[in-house]
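Reader: Could you take me on a close look at the core of this one, and then outward from there to whatever surrounds it? I'd enjoy one connected walk through it.

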Amino acid sequence: MHHIDFWFDPISPFAYLAFEQLPQALEGCSYAVNYRPVLLAGLLTHWGQKGPAEIEPKREWTFRHLTWLAQRSGIELQVPATHPFNPLPLLRLTLAAGPNRRVVEAVMRHVWRGDGAEAVDPARLQALQQALAPAREPAADAVKAELRAATDSAIARGVFGVPAFDVGGRLFWGLDALPMLRAALLGEPWFDGPAWDQAAQPRPGVVRRP
């Protein structure tokens with residue numbers, strides 16, 4: 001059986017789509033998933049990146065693309081009233097409740113199947129917390145520290161965005177990496193040879209100056 005670390009932040013619509021598609025994408029594979037919530041903003045800050053919503057043309061394309069992907073895949077999706085939003089309460093709740101598939105599904109669908117409501121509306125958050133009945137207090141210092149440590153651990157592993165998947169020390173990033181992830185789990189010969197490492201070797205490039 002393969003063990004998959006699945007890094008995600010519910011603020012990411014692509015992490016939501018990957019979560020929904022994962023069982024179908026990996027049908028027939030032997031695997032178990034460790035769900036690992038991380039703060040996407042922390043990853044972006046560390047690697048010096050901007051989120052899609054911070055670049056207006058990219059934001060427009062992102063939401064057109066994900067809406068098309070969702071309807072093409074038959075996945076229900078409603079963008080929350082405000083996006084981006086502060087996902088910390090949802091991430092901490094996920095950790096406090098124990099990030100298994102049932103918990104992650106509830107949190108993801110709270111955001112992306114919420115009839116366009118605010119993802120972090122206090123009343124909705126309270127209802128979600130009551131439904132999940134976490135064993136720990138989401139606002140506890142220990143939970144906050146655990147989330148920071150999880151994000152730091154992901155950065156140390158080389159995770160630069162979500163969704164991201166680790167299988168046997170190999171990192172796969174993005175919704176469109178699901179077919180590649182499946183191929184790795186099924187033992188496609190390409191992954192057994194030197195191609196994986198060779199493909200990532202740095203190449204000399206031309207520096208263009210104004």
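Author: Happily! In this predicted model, the largest nonpolar core has 55 residues, and those that touch the most other members are Phe6, Leu17, Leu22, Leu43, Phe165, Phe172 and Leu181. Let's take Phe6 as our way in. Leaving aside residues up to four places away in sequence, Phe6 is in contact with Ala15, Ala18, Phe19, Leu22, Val33, Asn34, Tyr35, Arg36, Pro163, Ala164 and Phe165. There is also a second, separate core of 5 residues, with Leu95, Ala96, Val143 and Leu147 among them.

Two of the names from the 55-residue core, Phe6 and Phe165, meet again in the sheet, where Phe6 stands opposite Phe165 in β3. Strand β1, residues 2–8, pairs with β3 in the antiparallel sense over 4 bridges, and Asp5 has Asp166 of β3 opposite it.

Strand β3 itself, residues 164–167, is covered on both faces. Ala164 and Asp166 are buried on one side, while Phe165 and Val167 are buried on the other. Beyond β3 comes β4, residues 170–173, which runs antiparallel to β3 and is joined to it by 4 bridges. Here Val167 has Arg170 of β4 as its bridge partner. The hairpin that these two strands form has 2 residues between them, and Gly168 takes a positive phi near 60° there.

Now step back to the whole sheet. It is open, has 4 strands in the order β2-β1-β3-β4, and its pairing is mixed. β2 and β4 each have a single partner strand and stand at the edges, so one side of each lacks a neighbour in the sheet. On average, neighbouring strands are turned by 25° against each other, direction ignored.

One more feature belongs with β3. Pro163, a contact of Phe6, lies in the loop between α7 (141–157) and β3. The peptide bond leading from Val162 to Pro163 is cis, with omega near 0°. Another cis peptide bond joins His83 and Pro84, with omega about 5°, and Pro84 sits in the loop between α3 (56–73) and α4 (88–97).

That loop brings us to α4. This helix is largely enclosed by the rest of the structure, because 7 of its 10 residues are buried. They are Leu90, Leu91, Leu93, Thr94, Leu95, Ala96 and Ala97. Leu95 and Ala96 are the ones we met in the second core. The cover over the buried residues of α4 includes β1, β2 (31–37), α5, α6 and α7, so the walk returns here to strand β1, which is part of this enclosure of a largely buried helix. Just after α4, Gly98 takes a positive phi of about 90°.

Let's finish with two loop residues. Most residues other than glycine have a negative phi. Asp115, in the loop between α5 (101–112) and α6 (122–132), has a positive phi near 55°. Ala133, in the loop between α6 and α7, also has a positive phi, near 50°. Are these two buried or exposed? Asp115 is exposed, with a relative accessible area of 68%, and Ala133 counts as exposed at 55% relative accessibility.

Notes: Residues numbered from 1 in each chain as written. Predicted model: local features only at pLDDT ≥ 70, side-chain atom pairs only at ≥ 80, totals over all residues. Heavy atoms only, no water. Buried < 20%, exposed > 50% of the residue type's maximum accessible area, 1.4 Å probe, protein only. Pairing = 2+ DSSP bridges. Core = buried A, V, L, I, M, F, W, Y, C linked by side-chain atoms within 4.5 Å. Contact = heavy atoms within 4.5 Å. Axes fitted to C-alpha atoms, helices over the stretch in contact; angles between N-to-C directions.
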